[in-house]
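Student: I would like to work through this structure step by step, with questions about what can be read from it. Could you show it to me before we begin?

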2 protein chains.
Amino acid sequence: MSSKLKEFTERINQYIDEIELVRQPEELYLPVQYCLSNGGKRVRPLMALLGCDMFDGNIEEVIGPAAGMEIFHNFTLMHDDIMDEAPLRRGKPSVYKKWNSNTAILSGDVMFAMAIEHIAKSPSSHLKTILDLFNKTVIEVCEGQQYDMNFETLDKVSEEAYINMIRLKTAVLPAACLKAGAIIAGASEKESSLLYEFGENVGIAFQIMDDWLDIFGDEETFGKKTGGDIVANKKTWLYIKAFEMANENQLRDLRNAFTNRIFNPEEKISMVKNVYLQLGLEKSAIEKMEEYNKKAIKLLDEIKLPDKKKKPLRELSHNLLHRKI
Amino acid sequence: MSSKLKEFTERINQYIDEIELVRQPEELYLPVQYCLSNGGKRVRPLMALLGCDMFDGNIEEVIGPAAGMEIFHNFTLMHDDIMDEAPLRRGKPSVYKKWNSNTAILSGDVMFAMAIEHIAKSPSSHLKTILDLFNKTVIEVCEGQQYDMNFETLDKVSEEAYINMIRLKTAVLPAACLKAGAIIAGASEKESSLLYEFGENVGIAFQIMDDWLDIFGDEETFGKKTGGDIVANKKTWLYIKAFEMANENQLRDLRNAFTNRIFNPEEKISMVKNVYLQLGLEKSAIEKMEEYNKKAIKLLDEIKLPDKKKKPLRELSHNLLHRKI
């Protein structure tokens, strides 16, 4: 990792570590502390700082809202884990498992308020713009989560609807972070919007890569078993394309596997993975990911700044898509 | 109700009715619509408008944040009903009962974002102040809800801790509404803080009255059965004082009733109510309520404005405490 990425990540961790979390009642704040100190790569606030630094802004002016975006992100994880019944988060018990659902609801709510507390530290001349951007983003992230939950009970989801869902659920938040940084640095509407679209495309590419890794990733490198999405019947890019492309036999296999007629998880994974391989999806998912990555790079190229200004952000998105951080 | 209270309430309802709620995905927004259209007296936004009007401010400048406070209030109800397992809200099924907990969590979250959307409509010169006031209030309301949940499992709660809990859970929001109105109208820090404290005291008085009505209220007038708090083992002002003052026999009755050794609800209510009456709590709760009401009136008197300016607010708080609205 370049020294700038490292330096900025350290600054973000320092800022977040300094947030006063030993407050009363402790039943409310202990889960917040647990959640915020549970690692995480701080990618979103890092994007806010990079967006600012690219345009020669002062990163100290964006550190507050950057942390606000990170706190908001962690809040969504706390509530999503209840809704998705996810027992683990970053290898540790999720808040609703370690405590209970009520705790995860209420501690999540207070985190949302804390997020706005830090968003409110934006320079006053940009506060309204950043706050509006943040609200729009929060609403879209909620919409994305709702679409994701809706998809669980739908038989058929189009590729377009899937891409829109991951755009809302995953991509708009890093995009907003980049844009917030650019705005605070005084970038024009055009430049900051290009950066936003760059972030959206990187976010979508990232999620498709995530879907790919869940099936084809190296278990040793990533330290987790593959096939989790298949076991959970999750509608991923691979799932959707497979149903779109499958012939009669393959369709029968997919249906058998995903309607839980196959009870052994290993068998289920291998059955679905086989169809994915037959359909060439291992390769086409990577191509799809690269398609969004290329769109992103093209958008970044359009921003009128010397190339060296864009280098740290290029590095970050490269590392993200190739899972080097 | 005076024509000003009526006029302002109508303006608030009109503003809230005009909020675009027919959005996609409808699974997310239908519960929001259901919740916001489910009546409610709009007391909090009314206080914001009155706080502004008192100081000759333009109520159109405060209507946005006033609605934001009301949306936030309704969001807390949506999440509280999950935590408190409350099946009914204003006589209709609560959101988590009509749909499910996940829906109530996520639709609540999006309401929180919508609340900030309207808070952000504060005049720009006051935005930072109003936003900070709102955040502080949200955090306190979450703390109040946590204390309330903590009390459920505590044997003994002091009167002081109870008053602090209801201050946080119930009183700081109307107080913040009044203060926001005053700030936007350009009132001084001193005057707007007096109004805030007035709101806190009225809020506490209101909650003690609520506790009283649950036991001693007229079932016909209020259209609901008395004793609900006793059946639910809720720690109210009456409960706390009773345990503080009871002699040995009374203590035994209270313990028998509240440890659910008495299973028949009617019997349980009558047993507890008897002790309350023996201890003179029917009267002393009213006195306690009046104590906070008097403090409130004194604070309002300190505000340097002609008496007729304060009249609508006096009327509103009188109506609230005597349950005429």
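Tutor: Before we start, please keep in mind that contact here means heavy atoms within 4.5 Å, and that the model in front of us is predicted.

Student: With which residues is Arg90(A) in contact, once its neighbours within four places in sequence are left aside?
Tutor: It helps to place the residue to begin with: Arg90(A) lies in the loop between β1 (88-89) and β2 (92-93) of chain A. Leaving aside the neighbours within four places in sequence, the residues in contact with Arg90(A) are Cys35(A), Asn38(A), Gly39(A), Gly40(A), His73(A), Asn74(A) and Leu77(A).

Student: Is Arg90(A) buried, partly exposed or exposed?
Tutor: Buried means under 20% relative accessible area and exposed means over 50%, with partly exposed in between. The relative accessibility of Arg90(A) is 34%, so this residue counts as partly exposed.

Student: What is the value of phi of Arg90(A)?
Tutor: Arg90(A) is a residue other than glycine, and yet its phi has a positive value. That phi of Arg90(A) is near 50°.

Student: Arg42(B) is not a glycine either, so where does it lie, and is it buried or exposed?
Tutor: Arg42(B) has a positive phi of about 60°, and it lies in the loop between α2 and α3 of chain B. Its relative accessible area is 4%, and because buried means under 20%, Arg42(B) is buried.

Student: Which kind of peptide bond joins Gln24(B) and Pro25(B), and what is its omega?
Tutor: Pro25(B) is found in the loop between α1 (3-17) and α2 (26-36) of chain B. The bond that joins Gln24(B) and Pro25(B) is cis, with an omega of about -5°.

Student: What is omega for the peptide bond from Gln24(A) to Pro25(A)?
Tutor: In chain A, the place of Pro25(A) is in the loop between α1 (3-17) and α2 (26-36). The peptide bond from Gln24(A) to Pro25(A) is cis, and its omega is near -10°.

Student: How are α3(B) and α4(B) directed with respect to each other?
Tutor: Two packed helices are described by the angle between their axes and the distance between the axes. For helix α3 (residues 43-54) and helix α4 (residues 63-83) of chain B, the axes come within 8 Å and cross at roughly 155°. Angles over 145 degrees count as roughly antiparallel, and therefore α3(B) and α4(B) are roughly antiparallel to each other.

Student: Which residues in α4(B) are met by Arg44(B), Pro45(B), Ala48(B) and Leu49(B) in α3(B)?
Tutor: α3(B) passes α4(B) in a right-handed crossing, and by class their contact has five nonpolar, one polar and two charged residues. On the side of α4(B), the residues that meet those four are Ile63(B), Ala66(B), Glu70(B) and His73(B).

Student: What is the angle between helix α7 and helix α8 of chain B, and how do the residues of their contact divide?
Tutor: Helix α7 (residues 127-152) and helix α8 (residues 159-184) of chain B have their axes 8 Å apart and pack at an angle of about 165°, which makes α7(B) roughly antiparallel to α8(B). The crossing in which α7(B) passes α8(B) is left-handed. The residues of this contact divide into 15 nonpolar, five polar and five charged.

Student: Is Glu159(B) buried or exposed, and which residues does it touch?
Tutor: Glu159(B) lies in helix α8 of chain B, and because its relative accessibility is 18%, it counts as buried. Not counting residues up to four places away in sequence, Glu159(B) touches Trp237(B), Ile240(B), Lys241(B), Glu244(B) and Lys288(B).

Student: Is Glu140(A) in chain A buried or exposed, and what is it in contact with?
Tutor: Glu140(A) lies in helix α7 (residues 127-152) of chain A, and at 14% relative accessibility it counts as buried. Beyond its neighbours within four places in sequence, Glu140(A) is in contact with Leu168(A), Val172(A) and Tyr196(A).

Student: Which C-alpha of chain A is nearest the axis that relates the two copies?
Tutor: Chain A can be laid on chain B with an RMSD of 0.0 Å by a turn of 180° and a shift of 0.0 Å along the axis. The two copies are thus related as by a two-fold rotation axis. In chain A, the C-alpha nearest that axis, at 3.6 Å from it, is that of Ile105(A).

Technical notes: Residues are numbered from 1 along each chain as its sequence is written. Chains are lettered from A and ligands numbered from 1 in the order in which they are written. This is a predicted model: local features need pLDDT of at least 70, side-chain atom pairs count only at pLDDT 80 or more; totals for chains, interfaces and linings use all residues. Side-chain values use heavy atoms; hydrogens and water are left out. Copies are superposed by least squares on the C-alpha atoms of residues with pLDDT of at least 70 in both. Axes are lines fitted to C-alpha atoms, for helices over the stretch in contact, and angles run from 0 to 180 degrees between N-to-C directions. Helices (H or I, at least four residues) and strands (E, at least two) are DSSP runs, numbered from the N terminus. Angles under 35 degrees count as roughly parallel, over 145 as roughly antiparallel, 65 to 115 as roughly perpendicular and the rest as oblique. A crossing is left-handed if the near helix is turned anticlockwise from the far one by less than a right angle, and right-handed if clockwise. Ala, Val, Leu, Ile, Met, Phe, Trp, Tyr, Cys and Pro count as nonpolar, Asp, Glu, Lys and Arg as charged, and the others, Gly among them, as polar. Buried means under 20% relative accessible area, exposed over 50%, partly exposed in between (1.4 Å probe, protein chains only).
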